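Work through these exercises with the sequence and the model side by side. Try each task before you read its solution.

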Amino acid sequence: MPIQSLFPTQIYSAHLPASGWRKFNDRLRRECQQLRHDDVGGQRWSKKNYPGGYTSYNSACRMHLLSPTFALLERKLNRHVQAYARALELDLEGRELTMTDCWVNIMPQQVVHGLHLHPLSTISGSYYVQTPKGCSAIKFEDPRLDRFMAAPPRKSDCKAEHRPWYLVPAEAGRLVLFESWLRHEVAPNPVKAERISISFNYSWF
């Protein structure tokens with residue numbers, strides 16, 4: 001057909017190397033849980049802004065500079081971020097994409113992470129530490145959604161690239177990368193066990 005696909009929204013998803021990731025995730029999980037216990041400022045902020053859950057977004061948001069384990073995660077992520085930037089054909093003008101933020105999210109049952117984006121960043125992502133069976137996926141929004149004037153709904157079995165929303169399942173040991181302007185959310189966690197993830201931003205300026 002004489003149709004050309006333009007302006008793609010590309011999401012990168014990959015697993016850390018197969019060997020040793022479970023042991024590494026155990027280390028991360030213990031540190032995430034210890035941080036929640038120790039981070040009084042984060043507890044206060046989460047009580048108001050992240051009801052029922054815990055995030056170090058407003059307190060310990062540069063964990064890659066505070067913890068050797070998180071610094072190792074940064075090193076593991078770097079090659080994926082570089083591969084994603086190449087796929088996007090970004091012209092970085094000789095500058096490096098650098099991790100600027102890295103924080104913890106713990107979502108007990110019914111905790112929600114509302115629709116948002118990551119301002120003043122270039123590439124953002126999540127790495128999944130603990131994902132109990134049935135926990136919520138990350139949900140991405142078509143960035144053109146507010147411009148769909150008089151547009152009929154899509155067929156229920158339409159291709160992924162035609163959907164107004166797209167779900168990427170949360171899977172322990174997997175990372176998801178996206179451009180920071182892309183809005184996303186996590187629906188309420190429907191299971192009793194905690195969903196633990198690490199979010200991060202990379203910038204080039």
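**Exercise 1. Overall size.** Compare the radius of gyration of the chain with the value for a compact globule.

Solution. Start with the rule: the radius is taken over C-alpha atoms, and the globule value is 2.2 Å times the number of residues to the power 0.38. For 205 residues, a compact globule would come near 17 Å. The chain has 18 Å, which agrees. Next, take the box along the principal axes: the C-alpha atoms fill roughly 60 × 40 × 35 Å.

Before going on, note the ground rules. This is a predicted model, where local features need pLDDT of at least 70, side-chain atom pairs count only at pLDDT 80 or more, and totals for chains, interfaces and linings use all residues. Residues are numbered from 1 along each chain as its sequence is written, and side-chain values use heavy atoms, with hydrogens and water left out.

**Exercise 2. Secondary structure.** How many helices and strands does the chain have, and in which pattern do they follow?

Solution. Use DSSP runs, numbered from the N terminus: helices are H or I with at least four residues, strands are E with at least two. The count is 4 helices and 10 strands. Along the sequence they read β-α-α-β-α-α-β-β-β-β-β-β-β-β.

**Exercise 3. Burial, contacts and charge.** Describe the chain by its buried share, its contacts, its surface and its charges.

Solution.
- Burial: under 20% relative accessible area is buried, over 50% is exposed, and in between is partly exposed (1.4 Å probe, protein chains only). Of the 205 residues, 44% count as buried.
- Contacts: a contact means heavy atoms within 4.5 Å. Among contacts with a separation of 6 or more, 87% join residues 24 or more positions apart.
- Surface: the chain exposes about 12,100 Å² (Shrake-Rupley method, 1.4 Å probe). Carbon and sulfur atoms supply 54% of that area.
- Charges: Lys and Arg count as positive, Asp and Glu as negative, without His and the chain ends. Each charge is placed at NZ of Lys, CZ of Arg, CG of Asp or CD of Glu. The mean positions of the 27 positive and 19 negative charges are 6 Å apart.

**Exercise 4. The largest nonpolar core.** Which residues touch the most other members, and which element gives the most?

Solution. First, the term: a nonpolar core is a set of buried Ala, Val, Leu, Ile, Met, Phe, Trp, Tyr and Cys residues joined through side-chain atoms within 4.5 Å. The largest one holds 42 residues. Phe-70, Ile-123, Tyr-127, Leu-177, Ile-198, Phe-200 and Tyr-202 touch the most other members. Elements that give two or more residues include β1 (12-15), α1 (21-38), α4 (68-88), β5 (123-130) and β10 (195-203). The most comes from α4, with 7 residues. In soluble globular proteins, nonpolar side chains tend to be buried together.

Now zoom in on Ile-123. Leaving out residues up to four places away in sequence, its contacts include Val-81, Tyr-84, Leu-177, Phe-200 and Tyr-202.

**Exercise 5. Positive phi.** Inspect Glu-93 and Leu-120: where do they lie, and are they buried or exposed?

Solution. Glu-93 sits in the loop between α4 and β3. Its phi is positive, about 55°, although it is not a glycine. Glu-93 is exposed, at 56% relative accessible area. Leu-120 is in the loop between β4 (113-116) and β5. Its phi is near 60°, again positive in a residue other than glycine. Leu-120 is exposed, at 74%.

**Exercise 6. Three sites.** Place Thr-122, Pro-51 and Phe-24, then state whether each is buried or exposed.

Solution.
- Thr-122 lies in the loop between β4 and β5. At 15% relative accessibility, Thr-122 is buried. Beyond four places in sequence, it touches Leu-90, Phe-178 and Trp-204, among others.
- Pro-51 is in the loop between α2 (40-49) and β2 (54-55). At 56%, Pro-51 is exposed. Beyond four places, it touches Ser-46 and Val-111. The C-alpha atoms of Pro-51 and Val-111 are 6.9 Å apart, across 60 residues of chain.
- Phe-24 is in helix α1. At 6%, Phe-24 is buried. Beyond four places, it touches Leu-16, Thr-69, Leu-72, Leu-73 and Lys-76. The C-alpha atoms of Phe-24 and Leu-72 are separated by 9.5 Å, across 48 residues.
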